[in-house]
Number of protein chains: 4
Amino acid sequence: MSGSILGNNIKISTWGESHGAALGVVIDGFPAGMELCEEDVQKLLDRRKPGTSAATTSRKEDDKVRILSGIFEGKTTGTPISMLVENTSQRSGDYSEIASYYRPGHADYPFDMKYGFRDYRGGGRSSGRETIGRVAAGALCKKLLSQMGIDVCAYTRSIGDVEIDDSKFDKDAICSTPTSMPDRDADIKAMELIAAKRAECDSIGGVIECKITGVPAGIGEPVFDKLDALLSRAVMSVGAVKAIEIGDGTKVSKYTGSENNDEFIMEEGSVAKATNHSGGILGGMSDGSSIMLRAHVKPTPSIAASQNTVNKNGENIEINIKGRHDPVVVPRAVVVVESMCAITLLDLMISNMYAKAENVINFYKK
Amino acid sequence: MSGSILGNNIKISTWGESHGAALGVVIDGFPAGMELCEEDVQKLLDRRKPGTSAATTSRKEDDKVRILSGIFEGKTTGTPISMLVENTSQRSGDYSEIASYYRPGHADYPFDMKYGFRDYRGGGRSSGRETIGRVAAGALCKKLLSQMGIDVCAYTRSIGDVEIDDSKFDKDAICSTPTSMPDRDADIKAMELIAAKRAECDSIGGVIECKITGVPAGIGEPVFDKLDALLSRAVMSVGAVKAIEIGDGTKVSKYTGSENNDEFIMEEGSVAKATNHSGGILGGMSDGSSIMLRAHVKPTPSIAASQNTVNKNGENIEINIKGRHDPVVVPRAVVVVESMCAITLLDLMISNMYAKAENVINFYKK
Amino acid sequence: MSGSILGNNIKISTWGESHGAALGVVIDGFPAGMELCEEDVQKLLDRRKPGTSAATTSRKEDDKVRILSGIFEGKTTGTPISMLVENTSQRSGDYSEIASYYRPGHADYPFDMKYGFRDYRGGGRSSGRETIGRVAAGALCKKLLSQMGIDVCAYTRSIGDVEIDDSKFDKDAICSTPTSMPDRDADIKAMELIAAKRAECDSIGGVIECKITGVPAGIGEPVFDKLDALLSRAVMSVGAVKAIEIGDGTKVSKYTGSENNDEFIMEEGSVAKATNHSGGILGGMSDGSSIMLRAHVKPTPSIAASQNTVNKNGENIEINIKGRHDPVVVPRAVVVVESMCAITLLDLMISNMYAKAENVINFYKK
Amino acid sequence: MSGSILGNNIKISTWGESHGAALGVVIDGFPAGMELCEEDVQKLLDRRKPGTSAATTSRKEDDKVRILSGIFEGKTTGTPISMLVENTSQRSGDYSEIASYYRPGHADYPFDMKYGFRDYRGGGRSSGRETIGRVAAGALCKKLLSQMGIDVCAYTRSIGDVEIDDSKFDKDAICSTPTSMPDRDADIKAMELIAAKRAECDSIGGVIECKITGVPAGIGEPVFDKLDALLSRAVMSVGAVKAIEIGDGTKVSKYTGSENNDEFIMEEGSVAKATNHSGGILGGMSDGSSIMLRAHVKPTPSIAASQNTVNKNGENIEINIKGRHDPVVVPRAVVVVESMCAITLLDLMISNMYAKAENVINFYKK
């Protein structure tokens with residue numbers, strides 16, 4: 001199956017390997033007339049760029065985006081938007097050894113079983129660089145959503161056991177701290193933890209949270225295309241994510257109904273909710289409250305410590321993975337989660353435009 | 001958007017409301033030549049039938065399935081299989097009052113915002129009865145998977161704070177205990193908890209776990225159609241599910257890489273893994289180990305206790321929901337989760353058949 | 001592949017065999033709030049009913065439709081609409097012999113090659129009765145289109161060499177003549193031709209034309225989802241159709257550019273065209289003129305005359321097909337072509353609602 | 001709607017405008033392990049290159065393809081294959097005038113109505129250059145099909161009233177005559193016709209035929225995804241095509257059943273057909289005979305002769321289109337039709353791999 005295309009109305013088709021000539025994305029079905037320049041996209045791409053702090057790999061990746069189609073006179077034309085980032089600083093020499101064995105925690109073994117061989121350089125298609133296309137697409141979706149008053153904001157909730165304190169929430173810190181934490185104190189503690197893990201030739205996991213505000217009620221489609229179902233699919237498709245929670249998430253399994261139900265109340269003439277255990281989603285549709293989602297991210301599988309594994313000849317071996325790897329995936333994955341949420345939400349908002357027959361009729365009366 | 005169709009190769013199209021004439025499913029693309037009778041489907045449907053114990057509503061739902069197409073001389077023909085269950089015991093009178101207000105924890109409010117009105121009888125399309133079509137489709141997929149040596153087995157892991165003890169795992173208990181727990185001691189404790197919550201006019205949540213064995217490595221498609229991504233979407237699309245975990249799930253965010261990585265080892269001449277933190281999925285593809293997934297299910301939102309909410313006139317009101325409701329959703333949802341996993345897995349196994357060009361060429365050489 | 005589902009926004013999933021228990025359709029994604037009763041659907045279904053004249057088979061098919069879901073208080077709810085027609089008058093005895101051989105002009109042989117066996121009763125899934133689901137879906141789409149001032153009108157253009165005279169066009173005749181011709185003189189001549197062919201134990205082909213008026217310019221999506229491309233697929237998918245023409249169709253291959261180009265002119269302050277060789281479609285999008293499409297329909301393959309063929313044992317045999325068959329497919333297929341055009345057009349009109357970013361933004365500003 | 005993506009198993013996503021930075025395609029889901037180099041693609045692209053004869057425009061388009069992803073060690077990897085052609089010789093200055101008016105026979109007017117504006121340079125997205133991505137994708141599909149003994153061969157059947165003589169069919173002539181005609185005498189006459197039309201500042205239409213041999217019976221899916229339906233959609237989506245015929249096509253409307261039915265006969269122990277009126281397709285599935293399809297192509301709408309039209313201010317004007325235009329579209333479109341047929345056929349052959357349950361079971365037994 002074609003596995004690199006996502007969406008129903010707006011379709012995102014990503015391509016590219018870590019050490020190929022380039023990586024990119026084609027966005028088909030994006031509405032016409034939105035102003036767009038490369039800088040709009042570059043800003044988001046820069047948020048996933050490594051080499052900016054001790055929380056990331058020391059590899060330099062320049063990652064300059066070029067828009068090749070779908071823009072005319074500074075605006076989207078309604079036709080496919082092709083964007084590309086050239087791979088300029090990849091050193092294939094670093095990776096030759098791993099061709100022969102299966103790294104623990106990596107996709108090497110399933111890849112070989114599925115396709116018979118793999119592009120082993122830097123993880124090939126399963127490299128984190130694969131997310132460049134997602135973020136480029138996310139930049140467009142976020143921009144259109146923002147013009148409807150919708151804000152999609154992801155950040156690091158925790159790294160290892162260092163968690164942010166919601167009372168210290170500082171949105172500006174997300175893009176200025178090395179951990180993408182919106183709490184500068186937690187950021188400092190997390191950086192200490194990361195440094196310790198790096199010193200131990202090890203890595204660490206964490207949690208990314210995404211909050212979406214300004215979404216009207218009714219977005220999402222009953223049954224299989226529920227908002228929470230499609231958000232889960234989109235975010236779980238990001239490498240290293242192993243669990244997804246909506247609203248109170250795993251806690252609900254211990255709740256009683258009276259604890260978990262959010263009561264509706266009238267607030268300034270509008271329907272609102274007294275609490276938000278549901279994370280802004282009821283019956284798979286937005287309920288008008290903030291949408292809250294959490295993604296649990298595993299520690300980087302590439303660690304410098306010795307590990308046992310097997311090679312392609314079926315022999316048990318011991319390996320030491322070399323190269324420059326992030327000691328924690330979380331900070332760079334924040335913008336990826338944000339992008340996936342934006343892409344999914346915008347697609348469902350478009351679907352919702354024809355939920356009522358009168359909307360279709362009125363559109364064509366104009 | 002069309003939100004009631006799922007799948008790429010085998011497409012499942014479900015339909016029906018709680019109190020309409022009938023509910024059903026059309027399965028398009030199911031391979032020809034598999035033996036199938038109504039009893040094959042009925043057995044799974046009976047596992048979601050209520051009224052069989054104190055853990056479920058006292059409503060009786062007969063839920064006899066009829067297969068209307070796609071079967072000839074006892075075998076699937078390759079053409080769409082239409083299956084239907086008539087609604088026979090629904091009492092519309094019970095539900096007239098709820099038309100006027102929005103029940104906390106239910107989809108009433110988003111439904112009205114989206115479509116302008118709703119079939120309020122018994123939850124309409126967002127009733128648990130919607131899952132009849134899913135289970136009927138799941139029965140077929142499970143049967144074909146079993147012929148390939150694949151077992152998809154879901155069960156109740158916990159209800160409230162009562163959790164099964166893995167050392168007491170008894171597979172036979174899943175279908176014979178009222179809680180669908182594979183641990184008879186935990187079942188007794190959970191039934192006491194349920195009775196207590198019912199007495200308090202309240203309800204309780206729980207966790208469903210699904211274990212899939214016998215899956216070869218390489219199933220799932222890199223990037224957006226990862227096995228874990230599509231399983232998450234499928235299971236999160238079941239009403240009341242609020243979190244999904246693959247393998248060690250939420251725990252990985254506190255793990256180090258050396259704790260989380262599963263080492264590969266040779267076992268009887270085959271590649272195996274020393275541990276299974278990954279839950280049988282690496283890089284979005286099966287890795288040959290058992291696939292492990294957990295769904296966290298919220299407590300039944302329909303509770304007899306008084307609740308505050310708003311009505312369609314925008315007034316704050318207090319309500320008492322009458323009717324016969326499950327005090328816990330989990331036991332009846334077990335077979336639904338099992339079905340969703342089977343449908344998703346089979347679909348991806350079919351996609352995998354052409355991963356290699358030589359497979360396509362060899363198929364047509366025959 | 002799932003081959004019985006059509007559409008992007010509104011998805012039509014048809015099912016059923018000629019001699020199974022029933023045939024039907026599930027329509028997923030139809031907008032909410034349109035008034036609909038069974039009579040709306042029955043009226044169109046009655047147009048494809050046989051037994052009403054010498055132009056059709058003498059078989060009686062009652063074909064009463066039941067709507068099982070998706071309607072509440074007389075209006076569509078936005079959830080899947082399931083419709084069903086029970087097979088009541090099928091006599092399986094008539095068809096037992098054809099199980100053993102491959103009828104010329106029929107799908108018997110490819111069906112066996114693909115699936116290994118087939119439901120041979122009355123053609124099974126490849127029977128003309130398969131179109132019941134299409135027409136039921138078409139009824140809904142036509143109704144919504146009519147509320148936007150769009151008329152989809154198909155009729156018989158010719159049977160054999162008897163063609164209508166456009167100067168005698170009488171729309172009322174379409175539903176009142178046995179041939180579905182909008183020219184009562186041509187109808188009489190065509191009926192004579194049909195009677196002659198029937199007497200010769202033979203059958204005859206013909207042409208169905210469809211004219212769609214009231215469509216605004218810009219419907220259809222550049223490149224693969226062009227309006228003419230999707231209309232062609234939809235109409236060619238009707239059994240017995242062997243050619244499709246848009247506008248002047250096959251004639252354009254002999255035209256010069258100056259003959260074929262339609263000049264634009266201002267007409268009452270609006271852009272119009274001096275001619276309509278294009279059939280209302282330019283660059284795959286509607287151009288504001290009437291959309292004109294022609295489907296060329298082959299003669300009924302089931303003829304009473306002797307024919308040579310082979311049987312399943314690989315022997316050359318001579319056969320005489322018994323049973324009651326239409327001497328011409330065209331009159332009953334008119335409403336099927338009309339339905340397929342309506343389904344396709346409505347789906348693309350919905351897609352067009354978000355062609356401009358400002359339309360999306362304005363929708364959510366409301 | 002996303003309109004630039006085609007296919008179910010193998011998905012083709014094309015992008016690019018005539019005068020943008022580049023044009024290209026992403027192919028997602030192509031099987032792994034097929035040898036592929038840029039030259040394989042370039043050979044097909046060169047067949048659509050202009051400037052090679054008096055039958056085409058004198059514009060030079062170099063059209064060198066680069067493969068950016070999805071290939072490793074000379075073989076497809078199973079991940080998306082991104083291919084790109086830079087636009088090097090486009091002169092935007094030529095096109096500035098046409099921004100203000102709507103050219104007859106072109107998509108200018110519908111484009112503006114749909115999106116509010118358009119990239120008017122060289123036709124933008126509706127330029128013939130859009131087909132570069134189609135042909136690049138077609139090259140891969142043709143290569144894999146050829147490894148299964150399947151030949152997809154399109155050629156010019158006629159230009160204006162000059163038609164090939166089947167008794168002079170010379171396959172080698174297709175790629176060596178300027179008209180892509182497989183009859184060298186007809187080619188000479190057609191070139192004279194083209195020269196005459198060019199001298200008259202006019203253009204001419206023609207017919208492309210495609211013959212596919214070696215396809216086993218049973219390819220195509222009953223009902224909406226019939227082989228002929230999807231071929232029609234794919235070929236009709238090529239700009240300038242206005243009619244599609246399968247087998248005897250439009251002639252069948254005048255045939256009787258006894259004339260049109262192809263009798264089955266045993267030939268060297270295999271089922272064959274005495275004639276091939278059906279064009280190799282019965283009931284939407286291949287019947288084992290050669291597949292025959294014809295596309296009727298309109299004359300180039302850009303002609304040097306004076307034409308009346310309207311401008312964006314709603315004024316009637318007279319225009320003379322300048323620039324270098326093909327006097328006939330047909331010769332360069334031959335390889336595009338061939339590509340669309342190859343893409344469609346391969347996709348359906350993959351779908352057919354799981355038509356039987358035993359095929360799925362046997363695949364995983366290996």
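Colleague: Which element gives the most to the lining of the second largest pocket?

Modeller: That's β16(D), with 3 residues. Bear in mind that this is a predicted model. β8 (151-159) and β10 (206-213) of chain D also give two or more residues to that lining.

Colleague: What makes D:Arg157 and D:Glu163 count as charged?

Modeller: Asp, Glu, Lys and Arg are the charged class. D:Arg157 and D:Glu163 are among the residues nearest the centre of the second largest pocket, and the 22 residues of its lining divide into 2 nonpolar, 10 polar and 10 charged.

Colleague: And which residues lie nearest the centre of the largest pocket?

Modeller: A:Glu245, A:Thr250, A:His296, B:Glu245 and B:Thr250, out of 40 lining residues. About 1000 Å³ of space lies in there, and the lining has 6 nonpolar, 13 polar and 21 charged residues. β8, β10 and β16 of chain A and of chain B each supply at least two residues.

Colleague: Over to the helices. Why are α1(D) and α3(D) called oblique to each other?

Modeller: Their axes cross at roughly 125°. Roughly perpendicular covers 65 to 115 degrees, and roughly antiparallel needs over 145. An angle of roughly 125° falls in neither range, so α1(D) and α3(D) are oblique. The crossing is right-handed.

Colleague: What makes the contact between them, on the α1(D) side?

Modeller: D:Asp40, D:Val41, D:Leu44 and D:Leu45. They meet residues of α3(D) including D:Ile132, D:Val135 and D:Leu140. By class, the contact has 8 nonpolar, 1 polar and 3 charged residues.

How values were computed. Residues numbered from 1 in each chain as written. Chains lettered and ligands numbered in written order. Predicted model: local features only at pLDDT ≥ 70, side-chain atom pairs only at ≥ 80, totals over all residues. Heavy atoms only, no water. 1 Å grid on protein atoms, 1.4 Å probe; cavity = no way out; pocket = protein on both sides within 12 Å on 5 of 7 lines; lining within 4 Å. Points joined across faces, edges and corners; volume = space filled by probe spheres on them. Helix = DSSP H or I, 4+ residues; strand = E, 2+ residues; numbered from the N terminus. Axes fitted to C-alpha atoms, helices over the stretch in contact; angles between N-to-C directions. Parallel < 35°, antiparallel > 145°, perpendicular 65-115°, else oblique. Left-handed = near helix turned anticlockwise from the far one by under 90°. Contact = heavy atoms within 4.5 Å.
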